[in-house]
Amino acid sequence: MHLHLATTDHRPPTVRADLAVHLAGNHEAHAVLIARTILLTMPSVRVRLAHPQPAYEAYKAWTGVADHADRVFAGTESGTVPAPEGAVSGHLRLDRPVPPAVVETLPAKLSPTRAPQLRVSVGGLLTVVTDKAAFTSQLNLWTTAYRHAARRWANLPSAEELAAGALPRFGDVTAPVLAKAAA
């Protein structure tokens with residue numbers, strides 16, 4: 001995971017994404033194991049995880065930045081979302097390994113919405129949260145998704161095993177991975 005904490009007046013590098021979602025406040029988000037994949041739903045976005053590695057990268061990113069969230073959103077009661085966001089929706093399928101997640105933070109003065117932002121990019125998905133409540137909803141979503149993925153794919157350690165230092169094994173995985181579910 002690459003973490004960029006903006007502490008100057010210079011914007012972080014541009015992140016390329018196939019699908020971006022801006023979130024503010026507590027929002028409904030679900031992760032379910034369905035059709036041998038993990039389906040994540042959140043406002044305006046559906047993500048299907050059909051390979052264990054993107055689940056691992058996302059979980060590692062969201063849990064890794066948890067210690068910084070209080071600092072990023074200090075003094076922010078509620079964030080803002082660009083107006084057309086609610087009318088747009090998209091679907092993304094992550095069915096092969098992705099590059100390491102990129103995490104960026106923007107203070108309000110550098111943000112296009114004038115609210116602080118925490119951005120997590122995994123595969124083609126860019127998730128932008130603009131307050132602590134939205135961050136917590138996403139942290140819970142990706143934690144649930146990872147727990148489902150660890151039950152689905154034997155090469156992923158449980159969240160508790162990860163916390164104790166265990167690492168996933170991706171060398172024995174083919175994409176898309178359906179072997180374990182078929183067994």
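# Questions on a predicted chain

Trainee: Setting aside neighbours within four places in sequence, which residues is Thr37 in contact with?

Mentor: Bear in mind that this is a predicted model. A contact here means heavy atoms within 4.5 Å. Once the neighbours within four places are left out, the contacts of Thr37 are Val32, Arg48, Leu49, Ala50, Arg93 and Arg152.

Trainee: Is Thr37 buried or exposed?

Mentor: Thr37 belongs to strand β4, which covers residues 37-42. The cut-off for buried is under 20% relative accessible area. Thr37 has a relative accessibility of 4%, so it counts as buried.

Trainee: What is the order of the strands in the open sheet of 4 strands?

Mentor: Strands of a sheet pair through backbone hydrogen bonds, in a parallel or an antiparallel way. In this open sheet the pairing is mixed, and the order is β3-β4-β5-β6.

Trainee: Which strands stand at the edges of that sheet?

Mentor: Take the order β3-β4-β5-β6 and look at its ends. An edge strand here has a single partner, so one side of it is left without a neighbour in the sheet. The two strands in that position are β3 (30-34) and β6 (90-94).

Trainee: By how many degrees are neighbouring strands of this sheet turned against each other on average?

Mentor: The sheet in question has 4 strands with mixed pairing. With direction ignored, the average turn between its neighbouring strands is 20°.

Trainee: Which residue in β5 stands opposite Leu40?

Mentor: β4 pairs with β5 (residues 45-49) in the antiparallel sense, over 5 bridges. Across this pair, the residue of β5 opposite Leu40 is Val47.

Trainee: At what angle to β4 does helix α3 run?

Mentor: α3 spans residues 132-152 and lies across β3, β4 and β5. Angles run from 0 to 180 degrees between N-to-C directions. For α3 and β4 the angle is about 170°.

Trainee: Which residues have the most contacts inside the largest nonpolar core?

Mentor: In soluble globular proteins, nonpolar side chains tend to be buried together. The largest core in this chain has 43 residues, and its largest share, 9 residues, comes from α3. The residues with the most contacts inside the core are Leu40, Leu49, Leu118, Phe135 and Trp142.

Trainee: How many of the residues of β7 are buried?

Mentor: β7 covers residues 102-106 and is mostly covered. It pairs with β8 (residues 117-122) in the antiparallel sense over 5 bridges, and one bridge joins Glu104 to Arg119 in β8. Of its 5 residues, the number buried is 4.

Trainee: How far is the C-alpha atom of Val120 from that of Ala20?

Mentor: Val120 is found in β8, and at 2% relative accessibility it counts as buried. Its contacts, leaving aside neighbours within four places, include Ala61, Trp62 and Val102. Val120 and Ala20 are 100 residues apart along the chain, and their C-alpha atoms are separated by 9.9 Å.

Trainee: Is Ser89 buried or exposed?

Mentor: Ser89 sits in the loop between α2 (66-72) and β6. The cut-off for exposed is over 50%. Ser89 has a relative accessible area of 61%, so it is exposed.

Trainee: What is the phi of Ala35?

Mentor: Most residues other than glycine have a negative phi. Ala35, in the loop between β3 and β4, has a positive value. Arg36 is found in that loop too and also has a positive phi, about 60°. For Ala35, phi is near 55°.

Trainee: Over which residues is the pLDDT below 50?

Mentor: The mean pLDDT of the chain is 83, and 79% of its residues reach 70 or more. One stretch falls below 50, although it has 22 contacts in the model beyond near neighbours in sequence. Where pLDDT is low, the predicted coordinates should not be read in detail. The stretch covers residues 174-183.

Conventions
Residues are numbered from 1 along each chain as its sequence is written. This is a predicted model: local features need pLDDT of at least 70, side-chain atom pairs count only at pLDDT 80 or more; totals for chains, interfaces and linings use all residues. Side-chain values use heavy atoms; hydrogens and water are left out. Buried means under 20% relative accessible area, exposed over 50%, partly exposed in between (1.4 Å probe, protein chains only). Two strands pair if DSSP finds at least two bridges between them. A nonpolar core is a set of buried Ala, Val, Leu, Ile, Met, Phe, Trp, Tyr and Cys residues joined through side-chain atoms within 4.5 Å. pLDDT is the predictor's confidence in each residue, from 0 to 100.
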